[in-house]
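Colleague: I'd love a close look at the empty spaces inside this protein, please. Take your time, as I am new to reading models.

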Amino acid sequence: KEFKEIVQKISKRLNLNPNDLEKGFERKIITKYEYNDKKYLCFKKKLRHIERGTIVFLNDNFDYFCGYPKIKRAMMLKASLDKYFDKKIAIEEKLDGYNIRIIKFEDEILAVTRGGKICPFTTKKVKKYLKTTFLDDYPNLMLCGEMIGLNNPYVNQYYIEAEKDYENLGFYIFDIRERETNIPYSISKKEELFKKYEIPHVKPIIIDKKDISKLWEILNTLNENKKEGVILKDPEMLMEPLKYTTQHTQCNDLSIAFKYTYDIGIDFMFSRIVREGYQSFEMSESKEEELNRAEKLGKSIFLPMIQTIKDVSEGITSKECFELFFESEPDFLEFMNYLKKMHVPIIIESKEIMGKIIKVRICRIYNATTDKIKSHLEGNLW
Ligand code: ATP
């Protein structure tokens, strides 16, 4: 009875049919979690109009925060710009880290992942490194951004601008959105607020839609500097943003995918290869350039794969390691507990006390890759 009552209240709050909500619970699309005695529901997938990653706190008011919307990808840049944008385009660098929404709930600053979990590691780092007075003044807004750098548990990518005292970590905010409607602020409005509140942010460059050569110039430079790509936004944020990635990213994604062949290879492969096809076509590449691209593509697939087979043949387990820094033992234990709850298979490789800081090396284990390769090496059939 109590469950039915809660379902009624939440469905009213989210403007979602109670039957859909109940089905969401049954199909485990919606799951309950807890952080610091705050109980919340997480939408693990999109359900009707409710975005994936939306969280609903189980307080009297059922306060909720929308998930960060999916960004569609342009395969043919010029054609998609013509189709989806007006006169001007804001170009922002697509940072290669992980998506985070910084929110304020019941006087506490929290960092929510793309999937809709309050991440204790990220929450602590946000409190340490980011000035969040903005959320004191605007608790009904969310700061959406990318957490970048080497020393985080999700995406390890070195960024010179993320250098701190002893770790490589930084937040760059790219959107301000209303928490219940997900309505984004325009580019000019968000820039004004970023400046006023001294929020580190991604800097947009506004160009005329006709000036596509400028965009290609930016993309070439990003590619040369091994950067991920761009997010293209309507300056008024009335149209949905689009994303476009560099050749470097396609190849880099493929090499990661094939390093962990049987764990992520299949999901990653097709989309990345196809992107290369369209990019080469749109850039009207010569035979020589096509061959060059083919070589890069082939190398990024083949070399990591053969290395993994060699490693497994020598008894090395397939794993991805992260070096993390914690301010205290309870912080460390809290995060280990969180990973356990999320069923992330990890091992702690080393733990070092550095004065007040704890340096930990944790590794995510890729069982499918190790086991399958081992099995084939022993002669078992496909
Ligand atoms: P989706 O396709 O659902 O958006 P995905 O995981 O496939 O998700 P990506 O291909 O990584 O996503 O692209 C979208 C992500 O890009 C966003 O979730 C966001 O974290 C990241 N991003 C990096 N820089 C920006 C930026 N300047 N503006 C918006 N998003 C950005």
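How many cavities of 30 Å³ or more does the structure hold? And what surrounds the space that you find?

Modeller: Happy to walk you through it. This is a predicted model, in which local features need pLDDT of at least 70 and side-chain atom pairs count only at pLDDT 80 or more, while totals for chains, interfaces and linings use all residues. Residues are numbered from 1 along each chain as its sequence is written, and side-chain values use heavy atoms, with hydrogens and water left out.

Now to your question. The structure holds one cavity of 30 Å³ or more (on a 1 Å grid over the protein atoms alone, points where a 1.4 Å probe fits but cannot get out). The volume of the largest cavity is about 60 Å³, counted as the space filled by probe spheres on points joined across faces, edges and corners.

Let's go around its wall. The lining (residues with an atom within 4 Å of a point) includes Arg73, Ala74 and Met75. Tyr244 and Thr245 line the largest cavity too, and so do Gln250, Arg275, Tyr278 and Gln279. Sorted by class, the lining has four nonpolar, three polar and two charged residues; here Ala, Val, Leu, Ile, Met, Phe, Trp, Tyr, Cys and Pro are nonpolar, Asp, Glu, Lys and Arg charged, and the others, Gly among them, polar.

Two elements each give at least two residues to this wall: the strand β13 (242–245) and the helix α9 (261–282). The largest share, three residues, comes from α9. (Helices, H or I of at least four residues, and strands, E of at least two, are DSSP runs numbered from the N terminus.)

Where does the cavity sit in the chain as a whole? The chain is divided into domain 1 (2–65), domain 2 (72–245), domain 3 (247–313) and domain 4 (319–365), with bounds from an automatic or database assignment. The largest cavity lies between domain 2 and domain 3, because both of them give residues to its lining.

Those two domains meet again around an open space. The second largest pocket (an open set with protein on both sides within 12 Å along at least five of seven lines) holds about 490 Å³ of space. Its lining draws at least three residues from each of domain 2 and domain 3. Of its 22 lining residues, Asn223, Gln247, His248, Arg293 and Lys296 lie nearest the centre. At least two residues come from each of α7 (212–224), β13, α8 (247–259) and α10 (287–313). So β13 is a strand to look for twice: β13 helps to line the largest cavity, and β13 helps to line the second largest pocket. By class, the pocket lining divides into five nonpolar, eleven polar and six charged residues.

For contrast, look at the place that is filled by the ligand. Lys70, Ile71, Arg114, Glu146 and Lys243 come nearest among the 16 residues around the ligand (those with a heavy atom within 4 Å). This shell divides into six nonpolar, one polar and nine charged residues. β6 (88–94) and β12 (229–233) each supply at least two residues of the shell, and the largest share, three residues, comes from β6.
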